[in-house]
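Please open the model in a viewer and keep the sequence panel visible. The stops below proceed from selection to selection.

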Amino acid sequence: MSEATIYNWKKAYTPDEETGKSQADIHQMEKEMHRMKQEIDILKKAITIFTKE
């Protein structure tokens, strides 16, 4: 295993002093936020379909 790999893992999973969140945590939250935005868009489209009737 290379030294760069270990450094990258350490960087990804070590919490930031300012936020208290690691890069992996932030990435996970961004993925969740993206998924939730997609769900909201789908619900908005469903509302427009059902309110037209």
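Three classes of accessibility are used on this tour: a residue is buried under 20% relative accessible area, exposed over 50%, and partly exposed in between, with a 1.4 Å probe and protein chains only. The model is predicted, so local features need pLDDT of at least 70 and side-chain atom pairs count only at pLDDT 80 or more, while totals for chains, interfaces and linings use all residues. Residues are numbered from 1 along each chain as its sequence is written, and side-chain values use heavy atoms, with hydrogens and water left out.

**The whole chain**

Begin with a cartoon of the full chain, which shows two helices and zero strands; these elements are DSSP runs numbered from the N terminus (helices: H or I, at least four residues; strands: E, at least two). The radius of gyration is 19 Å, well over the 10 Å that the globule rule gives for 53 residues, so the chain is more spread out than a compact globule. That radius is taken over C-alpha atoms, and the rule is 2.2 Å times the number of residues to the power 0.38. Along the principal axes, the C-alpha atoms fill a box of roughly 60 × 25 × 5 Å.

Now switch to a surface. Of the 53 residues, 2% count as buried. The accessible surface comes to about 5300 Å², and 59% of this belongs to carbon and sulfur atoms; areas come from the Shrake-Rupley method with a 1.4 Å probe, and for residues only the protein chains shown count as cover.

**The segment before α1 and the nonpolar patch**

Select methionine 1, which lies in the segment before α1 (3-13). Methionine 1 counts as exposed, at 76% relative accessibility. Extend the selection to Met1, Ile6, Trp9 and Tyr13: together they form a nonpolar patch on the surface with about 550 Å² of accessible area. Patches are made of residues with over 30% relative accessible area and no salt bridge, like charges being joined within 9 Å and nonpolar side chains (Val, Leu, Ile, Met, Phe, Trp, Tyr) within 5 Å.

**The salt bridges of α2**

How many salt bridges does the structure hold? There are two, a salt bridge being a side-chain nitrogen of Lys or Arg within 4 Å of a carboxyl oxygen of Asp or Glu. Select arginine 35 and glutamate 32, whose closest N and O atoms are 2.5 Å apart in the first of these contacts to visit. Both residues belong to helix α2 (residues 23-51), where they are three residues apart and thus separated by about one helical turn. Glutamate 32 is partly exposed at 31% relative accessible area, as is arginine 35 at 37%.

Add glutamate 39, which forms a salt bridge with arginine 35 at 2.2 Å between the closest N and O atoms. Here the partners are four residues apart in helix α2, again about one helical turn. Glutamate 39 is partly exposed, with a relative accessible area of 38%. Salt bridges that share partners join Glu32, Arg35 and Glu39 into one network.

**Two distances to draw**

Move to methionine 33, also in helix α2 and partly exposed at 45% relative accessibility. Draw the C-alpha distance from methionine 33 to glutamate 3, 30 residues away along the chain: the separation is 33 Å.

Finish at isoleucine 47 in helix α2, a residue that counts as exposed at 53% relative accessibility. From isoleucine 47 to glutamate 17, 30 residues apart in sequence, the C-alpha to C-alpha distance is 43 Å.
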